[in-house]
Amino acid sequence: EVQLQASGGGLVQAGGSLRLSCAASGFTFNDYAIGWFRQAPGKEREGVACISSRDLSTYYGDSVKGRFTISSDNAKNTVYLQMNSLKPEDTADYYCAADELTPTVKACADPLRYQSWGQGTLVTVSS
């Protein structure tokens, strides 16, 4: 059974950093697209970043470009989201998701393409 576990959230001050982890079991990160999404209260789920485990190509949402970095350690079946220069508007529940059907980052910000989701990890950025 495919399972994803997101971790690493917490409370940080604006300008600080956090690294989120998404650990997978039941499959391997060798031919998947993995996405990070976030959802703040009253807002729609937003695609943050994606990576293809096949070729390590990446995608970033405009609001996080230059601040966040997604990476994949295929040997550990783990994807990371390094978040730097955090802003209060980054406050949200963060989720990771896996797409086994389309191992590219094209249209990876669409949450409907993903088959498996982990539970959220809360990131709170104080001003």
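**Strand arrangement and overall dimensions**

In the predicted model, four strands form an open sheet in the order β1-β3-β8-β7, and their pairing is antiparallel. The edges of this sheet are occupied by β1, residues 3-7, and β7, residues 68-73, each of which pairs on one side only. On average, neighbouring strands in the sheet are turned by 15° against each other, with direction ignored. The contact between β1 and β3 can be described in more detail. Strand β3 covers residues 18-25 and runs antiparallel to β1, to which it is joined by 5 bridges. Ser7 has Ser21 of β3 as its bridge partner.

The secondary structure of the protein chain comprises 11 strands and 0 helices. Read from the N terminus, the succession of elements is accordingly β-β-β-β-β-β-β-β-β-β-β. The radius of gyration of the chain is 13 Å, close to the 14 Å given by the globule rule for 127 residues, so the chain is as compact as a globular protein of that length. The C-alpha trace spans about 40 × 25 × 25 Å along its principal axes.

Burial, contacts and surface were also computed for the protein chain. Of its 127 residues, 44% are buried, where buried denotes a relative accessible area under 20%. Among contacts between residues at least 6 apart in sequence, 59% join residues at least 24 apart. The accessible surface of the chain amounts to about 6,400 Å², and carbon and sulfur atoms account for 47% of this area.

Conventions. Residues numbered from 1 in each chain as written. Predicted model: local features only at pLDDT ≥ 70, side-chain atom pairs only at ≥ 80, totals over all residues. Heavy atoms only, no water. Pairing = 2+ DSSP bridges. Helix = DSSP H or I, 4+ residues; strand = E, 2+ residues; numbered from the N terminus. Axes fitted to C-alpha atoms, helices over the stretch in contact; angles between N-to-C directions. Rg over C-alpha atoms; globule rule 2.2 N^0.38 Å. Buried < 20%, exposed > 50% of the residue type's maximum accessible area, 1.4 Å probe, protein only. Contact = heavy atoms within 4.5 Å. Areas by Shrake-Rupley, 256 points an atom, 1.4 Å probe, with all protein chains shown as cover.
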